[in-house]
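Here is a set of short exercises to work through with the model open beside you. Try each task yourself, then compare with the worked solution.

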Amino acid sequence: MKDTDFLIRVGLSLRKYRSIAGLSQEELGDRTECDKNTIGKIERGETDSKLSTMRKITSGLEISFSRFIKDVEARPADRLSTAIEYDYHRLFHYCRQLSPEQFNNLCNTAYIYAKGNQLQNTGQK
């Protein structure tokens, strides 16, 4: 794996965990005493940060450094899989903000939509 590919994977994983934690770059920076611009550069794969910086960031995200690195190593290489995963995590973050009733309504709507597509694809009506 090229260094640039590795840095992009680090950035995507950082963005994912920050999004799951519901933190902005600035909020994560405040937690970790890192500049928000540094966090942005890491997320975009523009900088090769020090291990001590990454340890601070993972600590601020309340995940272990080893778990973070395992996630980086396991990331899919193609951009489509990465984009789908990123969209999934954005949806997950959105759903965390819903009330139980709103979440239930969303799930029921998604089920009805998926069932309708399944019937349509099999030729049934």
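**Exercise 1. A warm-up on exposure**

Is Arg 44 buried, partly exposed or exposed?

*Solution.* Before starting, note that this is a predicted model: local features need pLDDT of at least 70, side-chain atom pairs count only at pLDDT 80 or more, and totals for chains, interfaces and linings use all residues. Residues are numbered from 1 along each chain as its sequence is written, and side-chain values use heavy atoms, with hydrogens and water left out.

Step 1. Recall the classes: buried means under 20% relative accessible area, exposed means over 50%, and partly exposed is in between (1.4 Å probe, protein chains only).

Step 2. Arg 44 has 44% relative accessibility, so the residue counts as partly exposed.

Step 3. Look at the partner of Arg 44: a salt bridge links Arg 44 to Glu 46, with the closest N and O atoms 3.0 Å apart. A salt bridge here is a side-chain nitrogen of Lys or Arg within 4 Å of a carboxyl oxygen of Asp or Glu. Glu 46 counts as exposed because its relative accessibility is 52%.

**Exercise 2. The overall fold**

Describe the secondary structure and the burial of the protein.

*Solution.* Step 1. Count the elements: there are seven helices and zero strands. Helices (H or I, at least four residues) and strands (E, at least two) are DSSP runs, numbered from the N terminus.

Step 2. Walk along the sequence, and the pattern reads α-α-α-α-α-α-α.

Step 3. Turn to burial: 30% of the 125 residues are buried.

Step 4. Now consider contacts, meaning heavy atoms within 4.5 Å. Among contacts with a separation of 6 or more, 63% are between residues 24 or more positions apart.

**Exercise 3. Follow the charges**

Which residues are joined into one network by salt bridges that share partners?

*Solution.* Step 1. Start from the total, which is four salt bridges.

Step 2. Find Arg 15 and Glu 43, whose side chains meet at 3.5 Å, N to O. Arg 15 belongs to helix α1 and Glu 43 to helix α3, so this pair ties together parts that are 28 residues apart in sequence.

Step 3. Find the salt bridge between Arg 18 and Glu 43, at 2.5 Å, N to O. Arg 18 is in helix α1 and Glu 43 in helix α3, so here the tied parts are 25 residues apart in sequence.

Step 4. Check the burial of two of these residues. Glu 43 counts as buried because its relative accessibility is 3%, and Arg 18 also counts as buried, at 13%.

Step 5. Put the pieces together: Arg 15, Arg 18 and Glu 43 form one network through shared partners.

**Exercise 4. Inside the core**

Which residues touch the most other members of the largest nonpolar core?

*Solution.* Step 1. Use the rule: a nonpolar core is a set of buried Ala, Val, Leu, Ile, Met, Phe, Trp, Tyr and Cys residues joined through side-chain atoms within 4.5 Å.

Step 2. The largest core has 14 residues, and Leu 14, Leu 28, Ile 57, Leu 61 and Phe 68 touch the most other members.

Step 3. Assign the elements: α1 (3-21), α3 (36-43), α4 (51-60) and α5 (65-74) each give two or more residues. The greatest share comes from α1, with three.

Step 4. Zoom in on Phe 68, which is buried because its relative accessible area is 1%. Leaving out residues up to four places away in sequence, Phe 68 touches residues including Val 10, Leu 14, Tyr 17 and Met 54.

**Exercise 5. The aromatic pair**

How are the rings of Tyr 17 and Phe 68 arranged?

*Solution.* Step 1. A pair of aromatic rings is described by the distance of the centres and the angle of the planes.

Step 2. Apply the cut-offs: rings of Phe, Tyr and Trp (its six-membered ring) pair if their centres lie within 6.5 Å; planes under 30 degrees apart are stacked, over 60 edge-to-face and the rest tilted.

Step 3. The whole structure holds one aromatic pair. Tyr 17 and Phe 68 form this tilted pair, with 6.2 Å centre to centre and 50 degrees between the planes.

Step 4. Tyr 17 sits in helix α1 and Phe 68 in helix α5, so the pair ties together parts that are 51 residues apart in sequence.
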